[in-house]
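This briefing is for a reader who is meeting the structure for the first time. Please look over the sequence and the model before reading on.

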Amino acid sequence: MQINRTGIGLIAFFGLFGLAIAIAPFLVSMPIEAKGTLVLLGGIWALVALGLGLFARRQQHKAAHQDWVFQNGIRGSATVVKAKSSGTINEMPLMRMVLDLDVPGLADRQVKRREVMSVFAARRIEPGLTLPVCVNPEDQNDFVLVW
Amino acid sequence: MGELDATYSAFAAANGLETLPALAAGPLTPLLVEAGSGQLAPAARGKLPGGVEGTVGQLAYRRNKTFRFNVALVEVAVSTAFAPRLFCIRRGRHTRDDEFYGFEARDSKLWTESTALNERYKVSTSPFQDPNWLRQLFSPALVDWLARVPPADFSFELAYGALLGSVERDDPDAAALTALCEATAHVAERIRSECEE
């Protein structure tokens, strides 16, 4: 997953307005109950923004790591044994797959994999399909499935 | 018969194509996904102007408002091994009006090398695309052609062997459909020839 412009806008919106709503009650006089409500509301919004920001940062790190594995990994292939969609995330199928990995220098093995895919990519994922993989030379459980 | 149906019928007759009232192309590319089943109506198929086998039709769908594109769909199966996903979309094109999601599948990255190309199009690929192959595909001749020759609203999407050329016109005439098909055929031939090299 990667953040898009809408995501950046959402983080900015919840973060800025959340902080403003949480801080404003300390700058103007109002009943204590109203202050508490606004601080709570603003705090929740700011936490949502923080959570989204942390998720986006984690995804960026993951993407950078995947790029490294793709550039430095051992090339092999993965044959789809089973594949099914187990729900959607932001209208994109979450695919659960069982793959047979065939990587030079490593023992053949079967692994499970979950990937959020675009709809047009997910419809291609069916048993028998072979896709390229790149395996981290330092950790054979860490691999990039090229779809 | 509506004006659009009449245009497509005349276009099909002039080019020896089979006319279809509707065709579900399937969710083969991002634009077709926006329309659910990728239904083209009206549509015509056969050997398109430009010399490739394919289907031309109108794609219409609602995402808060109605979007209409005229598309040419051809198969370039050999491309899957070289470029599973390649999108060259006119800058400023909108395909939905209800974008609320802040995160999307990491399925592309910007590929920015040619100024002429980038001024007119946003080009994106799989994050795991071979950049050398892409540089060879986007030769100076193709970049120059893309910048000058296709209709102003032309874009194309290549996804797992399905190439979809599209223009944004609501009611195209025969000349516009011919230009769409010829542009799509040119891209298809260029991709095919690069794959075969």
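The notes below take up each chain in turn and then the contact between them.

The model is predicted. Chain A has three helices and six strands, while chain B has six helices and eleven strands. Between the chains, 18 residues of chain B are in contact with 22 residues of chain A.

**Chain A: overall form**

- Along the sequence, the helices and strands of chain A come in the order β-α-α-β-β-β-α-β-β.
- Chain A is more spread out than a compact globule, because its radius of gyration is 22 Å, well over the 15 Å that the globule rule gives for 147 residues.
- The C-alpha trace of chain A spans about 70 × 30 × 25 Å along its principal axes.
- The domain assignment splits chain A into domain 1 (5-69) and domain 2 (74-145).
- The centres of domain 1 and domain 2 of chain A, taken over C-alpha atoms, are separated by 34 Å.
- Of the 147 residues in chain A, 24% are buried.
- Among contacts in chain A between residues at least 6 apart in sequence, those joining residues at least 24 apart make up 60%.

**Chain A: confidence**

- Chain A has a mean pLDDT of 91, and 100% of its residues reach 70 or more.
- Within chain A, confidence is lowest in strand S1(A), with a mean of 84, and highest in strand S3 (residues 92-102), with 94.

**Chain A: strand pairing**

- Strand S2 (residues 74-89) of chain A runs antiparallel to S3(A), and ten bridges join the two.
- S2(A) also pairs in the antiparallel sense with strand S5 (residues 130-135) of chain A, over six bridges.
- A:Thr79 has a partner in each of these pairings: A:Asp100 stands opposite in S3(A), and A:Thr130 stands opposite in S5(A).
- The hairpin of S2(A) and S3(A) has two residues between the strands, and A:Asn90 in this hairpin takes a positive phi near 50°.

**Chain B: overall form**

- Chain B is as compact as a globular protein of its length, because its radius of gyration is 16 Å, close to the 16 Å that the globule rule gives for 197 residues.
- Taken along the principal axes, the C-alpha atoms of chain B fill a box of roughly 50 × 40 × 30 Å.
- Of the 197 residues in chain B, 43% are buried.
- Of the contacts in chain B with a separation of 6 or more, 64% are between residues 24 or more positions apart.

**Chain B: strand pairing**

- Strand S3 (residues 39-48) and strand S4 (residues 52-63) of chain B run antiparallel and are joined by seven bridges.
- B:Gly46 has B:Gly54 in S4(B) as its bridge partner.
- Three residues lie between the strands in the hairpin of S3(B) and S4(B), where B:Gly50 takes a positive phi near 110°.
- On to the next pairing: S4(B) and strand S5 (residues 65-75) of chain B are antiparallel, with ten bridges.
- In this pairing, B:Thr55 stands opposite B:Leu73 in S5(B).
- The hairpin formed by S4(B) and S5(B) has one residue between the strands, and B:Asn64 in the turn has a positive phi of about 75°.

**Chain B: one loop residue**

- B:Asp130 is placed in the loop between strand S9 (121-125) and helix H4 (131-137) of chain B.
- Why is B:Asp130 exposed? B:Asp130 has 12 other C-beta atoms within 10 Å, and a residue counts as exposed if that number is 12 or fewer.
- B:Asp130 and B:Asp171 are 41 residues apart along the chain, and their C-alpha atoms are separated by 39 Å.

**Where the chains meet**

- The contact between the chains involves 18 residues of chain B and 22 residues of chain A.
- On the side of chain B that touches chain A, helix H2 (30-34) and strand S7 (103-104) of chain B are the elements that give two or more residues.
- The residues on this side of chain B comprise twelve nonpolar, two polar and four charged.
- Strand S1 (residues 2-3) of chain A and S7(B) run antiparallel and are joined by two bridges.
- In that pairing across the chains, A:Gln2 stands opposite B:Glu104 in S7(B).

How values were computed
Residues are numbered from 1 along each chain as its sequence is written. Chains are lettered from A and ligands numbered from 1 in the order in which they are written. This is a predicted model: local features need pLDDT of at least 70, side-chain atom pairs count only at pLDDT 80 or more; totals for chains, interfaces and linings use all residues. Two residues are in contact if their C-beta atoms, placed from the backbone, lie within 7 Å. Helices (H or I, at least four residues) and strands (E, at least two) are DSSP runs, numbered from the N terminus. Ala, Val, Leu, Ile, Met, Phe, Trp, Tyr, Cys and Pro count as nonpolar, Asp, Glu, Lys and Arg as charged, and the others, Gly among them, as polar. Two strands pair if DSSP finds at least two bridges between them. Domain bounds come from an automatic or database domain assignment. pLDDT is the predictor's confidence in each residue, from 0 to 100. The radius of gyration is taken over C-alpha atoms; the globule rule is 2.2 Å times the number of residues to the power 0.38. A residue is buried if 20 or more other C-beta atoms lie within 10 Å of its own, exposed if 12 or fewer, and partly exposed in between; C-beta atoms are placed from the backbone.
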